[in-house]
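Here is a short set of questions on aromatic rings and their surroundings. Look at the model before reading on.

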Amino acid sequence: MSVIRVDLEATPKIPFGDWEVVHHGGTGKVDLEIERIGFWTGEIPWGPGLPEWLMSISALNANVLDKLLALPSHHFLPREWREHCPCFVNTVYGSFGKFFVRCLSFSGQNWTGGFRSLDNDFRVSRPIAIYQ
């Protein structure tokens, strides 16, 4: 079992200078078992109830992504994640009227952080990272 300690309430990293955090959900400092991080795919109920819905499915925020990327070795990350590139949607960034979430991507050699516009539908190749 591989466990990471994450402060879900800490201010998330801003990946680009013109981005700002428009939503950041999650409470407390938690110990997460990497093996219990899974994926959710399906329709997203955009609108005023979105933050509550994200909490109800245990969607993870960008602080979890940053903690995973900071691991000294990524051999703890399941190989099947390479095909999925999960998005950490409980942190939403805005820039020039557009909204983005950060994702975990595999570049063929290494794990990196990427991003995805919320203008696009989430597909199986970009599921939501959740804690099960």
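Q: Is phenylalanine 100 buried or exposed?
A: This model is predicted, and the values are computed from it. Buried means under 20% relative accessible area. Phenylalanine 100 has 11% relative accessibility. That value puts phenylalanine 100 in the class buried.

Q: What geometry does the aromatic pair of phenylalanine 100 and phenylalanine 115 have?
A: The centres lie 5.8 Å apart, and the planes meet at 80°. Planes over 60 degrees apart count as edge-to-face. The pair is therefore edge-to-face.

Q: How many residues apart in sequence are the parts that this pair ties together?
A: Phenylalanine 100 belongs to strand β6, residues 98-106. Phenylalanine 115 belongs to strand β7, residues 111-117. The parts tied together are 15 residues apart.

Q: Which class of exposure does phenylalanine 115 fall in?
A: Its relative accessible area is 43%. Buried ends at 20% and exposed starts over 50%, so a value in between gets the middle class. Phenylalanine 115 is partly exposed.

Q: Why is the pair of phenylalanine 16 and tryptophan 19 called edge-to-face?
A: The structure holds nine aromatic pairs. In the pair of phenylalanine 16 and tryptophan 19, the ring centres are 4.9 Å apart. The cut-off for edge-to-face is over 60 degrees. The planes stand at 65°.

Q: Which residue has 9% relative accessibility and counts as buried?
A: Phenylalanine 16 has a relative accessible area of 37% and is partly exposed. The value of 9% is under the 20% limit for buried. It belongs to tryptophan 19.

Key
Residues numbered from 1 in each chain as written. Predicted model: local features only at pLDDT ≥ 70, side-chain atom pairs only at ≥ 80, totals over all residues. Heavy atoms only, no water. Phe/Tyr/Trp six-rings, centres within 6.5 Å; stacked < 30°, edge-to-face > 60°. Buried < 20%, exposed > 50% of the residue type's maximum accessible area, 1.4 Å probe, protein only. Helix = DSSP H or I, 4+ residues; strand = E, 2+ residues; numbered from the N terminus.
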